[in-house]
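Colleague: Could you walk me through this model, one topic at a time? I would like short reasons along with each answer.

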Amino acid sequence: MKKLLITGANGQLGRDLAIRAPEAVLISRQDLDITDRDAVLACLYTHKPEVVIHTAAMTAVDSCESEPDRAFTTNGLATRWMVEAADVVGARLITISTDYVFSGEPEGPDHPWHEWDAPDPRSIYGASKLAGESELRPNDTIVRTAWLAGIHGPNIVKTVLSMGLSGAEMKFVDDQIGSPTFTSDLADTLLWIADEGITGIVHATNEGYTSWFGYVQAILYAAGIDPALVSRISTHDLNPPRLARRPRYSVMDNTVLRSMDHQLPHYLETLEHSIGEIVASI
Ligand SMILES: NC(=O)c1ccc[n+]([C@@H]2O[C@H](COP(=O)([O-])OP(=O)(O)OC[C@H]3O[C@@H](n4cnc5c(N)ncnc54)[C@H](OP(=O)(O)O)[C@@H]3O)[C@@H](O)[C@H]2O)c1
């Protein structure tokens, strides 16, 4: 295994990576502000990694709309500082990007976005992550993923379980479709990508897709909670409306991974076998 440095080590993906790569150098916000160019250079110069898995980002999608400068600095410019520093120490960079780089409105009938489709973000978050993508060198790697959840950190699965266990009724939209993805499966894939030295754009989501409403039903069902607690609404009915526009259809085709016979499990499979651990963690 190559010498790894992981940014965002206290984030939900970072923590799953840290468990799987105990020898890696773990960098959290307490160790490094990724927007500080000198500090980024000093950090990589001190640790001299061979591969950096850069997960740190501003991920609060609606906050990105109200704080665009912070979004572009954190998700765009900080990636430039990472690339500069990686250049100095001869490291390869693997950065995590998102389905939000796409419009969410495929031309013609809905079909999964693949790695060569043209990005066309409709939110500041998507645009700022695309800005980060544009900073990478040809031999770096962009791993686009979506709808992340897992055992660590706040996420949809934990929110729904907390509400469901207290018997609260909930409403979720049935007109936004995507691929729920577990940080445990993504972490395994990222370490495989690091090991294999795969470069370029790689889509990495769990198999399967659904709406948020469908996902919430599945979460409740997996935990033995009555799925009737959730009812379906449309994006139009959200009150208050969300600041950031969400993609309507953001299923991604994992073309590159599939060509290498690498597949993440179906999201329902991982949901089923991790639900007990997630319930225990809330
Ligand atoms: N969550 C999703 O559904 C999703 C979907 C697609 C792609 N992604 C991408 O996947 C990656 C991991 O996401 P995640 O869900 O694990 O995110 P997360 O839980 O929000 O973790 C991101 C981490 O980055 C840190 N960070 C933010 N600004 C920083 C700064 N200026 N300096 C240093 N650290 C900073 C955060 O620290 P604080 O907690 O202290 O702010 C946090 O620990 C991100 O690149 C994200 O854009 C996420």
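**Helix contacts, sheet and ligand shell**

Modeller: Gladly! The axes of helix 2 and helix 4 come within 9 Å and cross at roughly 35°. Axes here are lines fitted to C-alpha atoms, for helices over the stretch in contact, and angles run from 0 to 180 degrees between N-to-C directions. Helices (H or I, at least four residues) and strands (E, at least two) are DSSP runs, numbered from the N terminus. This is a predicted model, where local features need pLDDT of at least 70, side-chain atom pairs count only at pLDDT 80 or more, and totals for chains, interfaces and linings use all residues. Residues are numbered from 1 along each chain as its sequence is written.

Colleague: Which hand does the crossing of helix 2 and helix 4 have, left or right?

Modeller: A crossing is left-handed if the near helix is turned anticlockwise from the far one by less than a right angle, and right-handed if clockwise. For helix 2 and helix 4, the crossing is right-handed.

Colleague: How many nonpolar residues are in the contact of helix 2 with helix 4?

Modeller: Contact means that the C-beta atoms of two residues, placed from the backbone, lie within 7 Å. From helix 2, Arg37, Val40, Leu41, Leu44 and Tyr45 meet helix 4 residues including Trp81, Met82 and Glu84. Ala, Val, Leu, Ile, Met, Phe, Trp, Tyr, Cys and Pro count as nonpolar, Asp, Glu, Lys and Arg as charged, and the others, Gly among them, as polar. In this contact two residues are charged, none is polar, and the nonpolar ones number ten.

Colleague: What is the strand order in the open sheet?

Modeller: Strands count as paired if DSSP finds at least two bridges between them. Strand 4 and strand 5, for instance, pair in the parallel sense over five bridges. The open sheet has six strands with parallel pairing, in the order 2-1-3-4-5-10.

Colleague: Why is one side of strand 2 and of strand 10 left without a neighbour in the sheet?

Modeller: Strand 2 (25-27) and strand 10 (200-203) have one side free because they stand at the edges. What each of them has is a single partner strand.

Colleague: Which strands does helix 4 lie across?

Modeller: Helix 4 spans residues 68-89 and runs at about 165° to strand 4. The strands that helix 4 lies across are strand 3 and strand 4.

Colleague: Which element gives the most residues to the shell around the ligand?

Modeller: A residue is near a molecule if its C-beta atom, placed from the backbone, lies within 6 Å of it. Of the 25 residues around the ligand, Gly8, Gly11, Leu13, Ala57 and Leu148 come nearest. Two elements give two or more residues to this shell, helix 1 (12-20) and strand 4 (92-98). With three residues, the element that gives the most is helix 1.

Colleague: Which residues of helix 10 does helix 8 meet?

Modeller: The axes of helix 8 (residues 212-222) and helix 10 (residues 267-281) come within 9 Å, crossing at roughly 35°. This crossing is right-handed. Ala218, Ile219 and Ala222 in helix 8 meet Leu268, Leu271, Glu272 and Ile275.

Colleague: Which residue does a cis peptide bond join to Asn239?

Modeller: Omega of this bond is about 0°. The partner is found in the loop between strand 12 (230-233) and helix 9 (255-259), and is Pro240.

Colleague: What is the radius of gyration of the chain?

Modeller: The globule rule is 2.2 Å times the number of residues to the power 0.38, with the radius taken over C-alpha atoms. For 282 residues, a compact globule would have a value near 19 Å. The chain agrees with that, at 18 Å.
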